[in-house]
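Trainee: Please take me through one part of this model in close detail, and then show me how it fits with the rest of the chain.

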Amino acid sequence: MTFPSTLRTFSFALAATLLSLSLVGCRGSTEVPRMGYVPMSVKLRPDADDKLTRVFQSDDAVLSRYATIVIEPVAVPNAADIDCTDEELQSIRTKLQENLAKEFGPGAGGTGPTLVVRAAITAVKPNRPALNIAPQSQVMKRGYGYGACEIYATEGDRGPVVAAMASTVDTERFSAEKLSAMGTVDRGCEQWAKAFANLFR
């Protein structure tokens, strides 16, 4: 028995789609390599809740120890992988700075040293919204972006590192963020600030 040509065409198309989806499931997520803004002498371990995040906590990562908190302007290292306009990059830097200030609040109120928080944007790849509208166009994630940062905190300006983090955010398929160029990195600014603040007890 032979299948009508239209049915055969449909069957081949369905098989190709299922194969593509299975390959996507095996592809994994983009993880931006650590570039050394967090001193390489600080050993980061995988975060239990996020496979694209590495963290470090010392016994001194206790917020109530510190009298004041200083959040330095967000940096962009020379080796950063940046694929956006200067205006978009400045907006990201501002958002991460504001989110860190929000998470750490006006100050710790302790009697110890000053906590100095330093953060850097190490990668930005915008989404391509036009490729993220139809489900079939997302199979190979060609329109998906990502972002990465490194953050650490020291006791005083030159004191020991008490907490550190390197993290990547990837575009999530079932989300509205894929429909704007900077949606993924905007989410990252909130996610990174919250995750870093959570390293302090």
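Mentor: Happily! A contact here means heavy atoms within 4.5 Å. With that in hand, let's look closely at Thr30, which touches Leu52, Tyr146, Thr168 and Asp170 once residues up to four places away in sequence are set aside. Please keep in mind that this is a predicted model, in which local features need pLDDT of at least 70 and side-chain atom pairs count only at pLDDT 80 or more, while totals for chains, interfaces and linings use all residues. Residues are numbered from 1 along each chain as its sequence is written, and side-chain values use heavy atoms, with hydrogens and water left out.

Thr30 sits in the loop between α1 (5-27) and β1 (45-47); helices (H or I, at least four residues) and strands (E, at least two) are DSSP runs numbered from the N terminus. One of its partners, Leu52, is 22 residues away along the chain, and the two C-alpha atoms are 8.2 Å apart. Thr30 has a relative accessible area of 27%, so it is partly exposed (buried is under 20%, exposed over 50%, partly exposed in between, with a 1.4 Å probe and protein chains only).

Now step back to the whole chain. It has three helices and seven strands, and reading along the sequence gives the pattern α-β-β-β-β-α-β-β-β-α. Of the 201 residues, 40% are buried. Among contacts with a separation of 6 or more, 72% are between residues 24 or more positions apart.

Let's turn to the interior next. The largest nonpolar core holds 33 residues, and Leu100, Phe104, Val117, Phe196 and Phe200 have the most contacts inside it. Such a core is a set of buried Ala, Val, Leu, Ile, Met, Phe, Trp, Tyr and Cys residues joined through side-chain atoms within 4.5 Å. Two or more residues each come from β3 (68-71), α2 (86-104), β5 (114-125), β6 (146-155), β7 (161-170) and α3 (183-197). The largest share is that of α3, which gives six residues. Phe196 is a good residue to display here: leaving out neighbours within four places in sequence, its contacts are Leu100, Phe104, Val117, Ile151, Tyr152, Ala153, Ala163, Ala164 and Met165. A second, separate core has seven residues, among them Val38, Leu44, Tyr152 and Ala166.

The charged side chains add another layer. Six salt bridges turn up in a search of the whole structure, each being a side-chain nitrogen of Lys or Arg within 4 Å of a carboxyl oxygen of Asp or Glu. In one of them, Arg118 pairs with Glu72, and the closest N and O atoms are 3.3 Å apart. This pair links distant parts of the chain, since Arg118 is in strand β5 and Glu72 is in the loop between β3 and β4 (81-82), 46 residues apart. Arg118 is buried at 9% relative accessibility, whereas Glu72 is partly exposed at 26%.

Arg118 also takes part in a salt bridge with Asp157, where the closest N and O atoms are 2.7 Å apart. Asp157 lies in the loop between β6 and β7 while Arg118 is in strand β5, so this pair ties together parts that are 39 residues apart in sequence. Asp157 is partly exposed, at a relative accessible area of 47%. Through shared partners, salt bridges join Glu72, Arg118 and Asp157 into one network.

Then there is the bridge between Glu103 and Lys194, with 3.3 Å between the closest N and O atoms. It links distant parts of the chain, with Glu103 in helix α2 and Lys194 in helix α3, 91 residues apart. Both residues are partly exposed: Glu103 has 26% relative accessibility and Lys194 has 44%.

Last, the cysteines. A disulfide is a covalent bond between the sulfur atoms of two cysteines. Taking it as a pair of cysteine sulfur atoms within 2.5 Å, the count for this model is zero. Cys189 is in no disulfide, and the nearest cysteine sulfur, that of Cys149, is 8.2 Å away. Cys189 is buried, with a relative accessible area of 0%, and Cys84 is buried too, at 18%.

When you go back to the viewer, start again from Thr30 in its loop between α1 and β1, then move on to the Glu72, Arg118 and Asp157 network.
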